[in-house]
Amino acid sequence: MIPSQKTGLAGIVIRMVRRLAVIAIARGQAMPEQMTAPVGDGFDQNARDAVYRAMFTRRDVRSHFLPTALDDEVLARLLLAAHHAPSVGFMQPWNFIVIRDAGRREKVRDLFLAAREQELPAIEEERRALYRKLKLEGICESALNICITCDRQRSKGSPLGRWHNPEMDLYSTVCAVQNFWLAARAEGVGVGWVSIIEAQALKGLLSIPEHVTPVAYLCVGRVSEFAHKPDLETHGWGRRLPLPELIMSEIFCGQGEVPLKSTVARLNAVDAAPDQRVAPAVPQREPPKEASALSLSSLNFDDASASRASQAGSGTWPSMILK
Ligand SMILES: Cc1cc2nc3c(=O)[nH]c(=O)nc-3n(C[C@H](O)[C@H](O)[C@H](O)COP(=O)(O)O)c2cc1C
């Protein structure tokens with residue numbers, strides 16, 4: 001029996017709690033726990049589209065940062081999203097170092113420039129000129145930087161899920177990074193991950209203790225646009241691999257799953273569409289009133305017609321979400 005079918009006192013209490021949560025959310029007072037959908041329910045179409053929309057239009061942003069400050073309200077929501085990531089043994093091994101100081105950021109940029117020179121010889125010779133031209137960071141232009149770290153000793157003595165696989169704490173931290181990144185896209189905030197930095201030097205610069213690993217160094221800020229394609233694709237560095245070729249059946253390299261692969265190919269038809277579209281970064285419309293609680297107030301609905309089209313069931317998925 002789903003909660004909405006419950007009768008008697010329990011049903012009344014559940015309905016009251018839900019009603020209070022909806023009122024609190026509408027007033028912008030909701031805690032994340034109150035934003036959960038009733039057990040077993042999927043999101044409504046608008047909310048579901050918004051989730052996929054964040055995933056398909058998220059970009060690694062290096063250019064296009066605006067010289068605009070990032071509101072603490074917004075940053076707080078992004079950090080809250082990151083903090084609700086899954087983690088091994090509920091370890092929550094992350095910390096978030098917010099770096100605003102221009103001088104410190106210049107020093108980090110120097111680390112990037114040095115690391116890029118060190119990486120260059122490892123790049124195939126014929127691609128080195130292109131590598132040099134690529135913009136691979138926005139450390140100083142973005143509103144602020146965030147270093148997301150993993151405290152490898154946070155649950156020392158209780159290695160639930162990490163006894164055989166100690167690296168799971170690092171993977172958990174990456175989940176937090178992805179939550180942050182997706183939430184940022186929904187807020188119209190650009191995020192660029194800079195990994196071309198020597199970790200030990202970064203630790204020194206940010207006073208990170210030995211047992212803590214810097215997992216992600218992020219450039220964060222308002223942007224003028226989100227490119228439709230990855231920068232590295234635009235500049236001819238790489239292309240998205242065909243998903244059907246990455247799906248295996250039962251064992252590594254196992255053949256099969258033909259119907260699944262053709263379904264994936266059909267849904268992925270958007271990649272064949274003309275693809276020079278650029279998503280405006282500035283919110284243009286309010287989300288529809290009937291959208292789920294999760295989409296209220298914070299989502300950057302930059303093309304409400306897309307969700308109307310998808311509601312009507314027209315178009316190819318995910319292009320109906322993206323167009
Ligand atoms: C672990 C990780 C490290 C990355 N490091 C860098 C980096 O140092 N510089 C950069 O410009 N982009 C970096 N990126 C971004 C990727 O280049 C980018 O995700 C990829 O090209 C796909 O583009 P998209 O994120 O816009 O879809 C990194 C991404 C990940 C996940």
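How many helices and how many strands does the chain have? Load the predicted model and colour it by secondary structure: there are 11 helices and six strands. The chain has 323 residues, and 26% of them count as buried. Among contacts with a separation of 6 or more, 79% are between residues 24 or more positions apart.

**Stop 1: the sheet**

Select β1, β2, β3 and β4. These four strands make an open sheet, ordered β1-β2-β4-β3, with antiparallel pairing. β1 and β3 are the edge strands, each pairing on one side only. From one strand to the next the twist averages 25°. As background, backbone hydrogen bonds are what pair the strands of a sheet, in either a parallel or an antiparallel manner.

Now narrow the selection to residues 189-193, which is β3, and residues 212-222, which is β4. The two strands run antiparallel and are joined by five bridges. Two positions are worth labelling. G192 has C219 of β4 as its bridge partner, and W193 stands opposite L218, also in β4.

Is β3 mostly buried or exposed? Four of its five residues are buried, so the rest of the structure largely encloses β3.

**Stop 2: the ligand**

Keep W193 selected and show the ligand, since W193 is one of the residues that surround it. Add the others in groups along the chain: R59, D60 and R62; then L136 and E137; then V194, S195 and I196, which together with W193 belong to the shell; and finally P230 and L232. By residue class, the shell divides into six nonpolar, one polar and four charged.

**Stop 3: the α2 and α6 packing**

Select residues 45-57 for α2 and residues 168-187 for α6. The helix axes are 9 Å apart and meet at an angle of about 105°. The two helices are therefore roughly perpendicular to each other, given that angles of 65 to 115 degrees fall in that class.

Which residues make the contact? On the α2 side they are A50, A54, M55 and T57, and on the α6 side L182, R185 and A186. Five of the contact residues are nonpolar, one is polar and one is charged.

**Stop 4: the loop between α2 and α3**

Move on to the loop between α2 and α3, where α3 covers 72-83. Two of its residues deserve a label: H64 and A69.

H64 is not a glycine, yet its phi is positive, at about 70°. Is H64 buried or exposed? It has 22 other C-beta atoms within 10 Å and is therefore buried, the threshold being 20 or more.

A69 is exposed, because only 12 other C-beta atoms lie within 10 Å, and 12 or fewer is the cut-off for that class. Draw a distance from the C-alpha atom of A69 to that of R222. The separation is 7.6 Å, although the two residues are 153 residues apart along the chain. R222 belongs to β4, whose range is 212-222, so this distance leads back to the sheet of the opening stop.

**Stop 5: the loop between α3 and β1**

Finish at F90, in the loop between α3 and β1, the latter spanning 94-99. F90 is another residue other than glycine with a positive phi, in this case near 50°. With 10 C-beta neighbours inside 10 Å, F90 counts as exposed. H64, by contrast, is buried.

How values were computed:
Residues are numbered from 1 along each chain as its sequence is written. This is a predicted model: local features need pLDDT of at least 70, side-chain atom pairs count only at pLDDT 80 or more; totals for chains, interfaces and linings use all residues. Axes are lines fitted to C-alpha atoms, for helices over the stretch in contact, and angles run from 0 to 180 degrees between N-to-C directions. Angles under 35 degrees count as roughly parallel, over 145 as roughly antiparallel, 65 to 115 as roughly perpendicular and the rest as oblique. Two residues are in contact if their C-beta atoms, placed from the backbone, lie within 7 Å. Ala, Val, Leu, Ile, Met, Phe, Trp, Tyr, Cys and Pro count as nonpolar, Asp, Glu, Lys and Arg as charged, and the others, Gly among them, as polar. Two strands pair if DSSP finds at least two bridges between them. A residue is near a molecule or strand if its C-beta atom, placed from the backbone, lies within 6 Å of it.
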